[in-house]
Amino acid sequence: MIKLTRINGTVLLINESFIEAAEEAPDTVLTMQNGHRYLVKETVDEIIELSEQFRRECYPTIAGT
């Protein structure tokens, strides 16, 4: 899971595997596979980096290839 911040400042943990779409308009909106949508402060690029970091930590041998 990755740690994100809602627009109101509260912390939100997201299972990054279930993100279907992420768009900046100008705030970042995450659409999950179940249709739920979340508005977060992080940019799409930051979410990509957090997701990559999470995968490197969980799967070090796979991520290193």
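User: What does phenylalanine 54 count as: buried, partly exposed or exposed?

Analyst: This is a predicted model, in which local features need pLDDT of at least 70 and side-chain atom pairs count only at pLDDT 80 or more, whereas totals for chains, interfaces and linings use all residues. Residues are numbered from 1 along each chain as its sequence is written, and side-chain values use heavy atoms, with hydrogens and water left out. Buried means under 20% relative accessible area, exposed over 50% and partly exposed in between, with a 1.4 Å probe and protein chains only. Since its relative accessibility is 22%, phenylalanine 54 counts as partly exposed.

User: Which residues does phenylalanine 54 touch, not counting those up to four places away in sequence?

Analyst: Phenylalanine 54 belongs to helix 1; helices (H or I, at least four residues) and strands (E, at least two) are DSSP runs numbered from the N terminus. Its C-alpha lies 7.2 Å from that of methionine 1, although the two residues are 53 apart in sequence. With contact taken as heavy atoms within 4.5 Å, the residues that phenylalanine 54 touches are Met1, Ile2 and Glu16.

User: In what order do the elements of the chain run from the N terminus?

Analyst: The secondary structure comes to two helices and five strands. Read from the N terminus on, the order is β-β-β-β-β-α-α.

User: What span does helix 1 reach from its first C-alpha to its last?

Analyst: Helix 1 covers residues 44-58, 15 residues in total. The expected span is 1.5 Å times one less than the number of residues, which comes to 21 Å here. The span in the model is close to that expectation, at 21 Å.

User: Why are the buried residues of helix 1 said to lie on the same side, and what arc do they cover?

Analyst: The buried residues of helix 1 are Val44, Ile47 and Ser51. The face turned away from them carries the exposed residues Asp45 and Glu57. The arc is that of the directions from the helix axis to the C-beta atoms. The three buried residues are on the same side because they cover an arc of only 60°.

User: Which strands do the buried residues of helix 1 pack against?

Analyst: Serine 51, buried at 13% relative accessibility, touches Ile2 and Glu16, leaving out residues up to four places away in sequence. Isoleucine 47, beyond its neighbours within four places, is in contact with residues that include Leu4, Leu30 and Val40. Taken together, the buried residues of helix 1 pack against strand 1, strand 3 (19-24), strand 4 and strand 5 (37-40).

User: Which elements give two or more residues to the largest nonpolar core?

Analyst: A nonpolar core is a set of buried Ala, Val, Leu, Ile, Met, Phe, Trp, Tyr and Cys residues joined through side-chain atoms within 4.5 Å. The largest one here has nine residues: Ile2, Leu4, Leu12, Ile14, Ile19, Leu30, Met32, Val40 and Ile47. The elements that supply two or more of these residues are strand 1 (2-5), strand 2 (11-14) and strand 4 (28-32).

User: Which residue has its backbone oxygen 2.6 Å from a polar side-chain atom of threonine 28?

Analyst: Threonine 28 is part of strand 4 and is buried, with a relative accessible area of 2%. Its contacts beyond four places in sequence include Tyr38, Thr43 and Ile47. The backbone oxygen 2.6 Å from a polar atom of its side chain is that of glutamate 42.

User: What C-alpha distance separates leucine 39 from leucine 4?

Analyst: Leucine 39 is found in strand 5 and is partly exposed, at 40% relative accessible area. Beyond four places in sequence, its contacts include Thr5, Arg6 and Ile7. Leucine 39 and leucine 4 are 35 residues apart in sequence, and their C-alpha distance is 9.8 Å.

User: Is the peptide bond from alanine 25 to proline 26 cis or trans?

Analyst: Proline 26 lies in the loop between strand 3 and strand 4. With omega near -15°, the peptide bond from alanine 25 to proline 26 is cis.

User: What share of the exposed area of the chain do carbon and sulfur atoms supply?

Analyst: Of the 65 residues, 25% count as buried. By the Shrake-Rupley method with a 1.4 Å probe, the chain exposes about 4600 Å². The share supplied by carbon and sulfur atoms is 52%.

Methods: A polar contact is a pair of N or O atoms within 3.5 Å; within protein, one must be able to donate a hydrogen and the other to accept it, and residues adjacent in sequence count only if both atoms are side-chain atoms.
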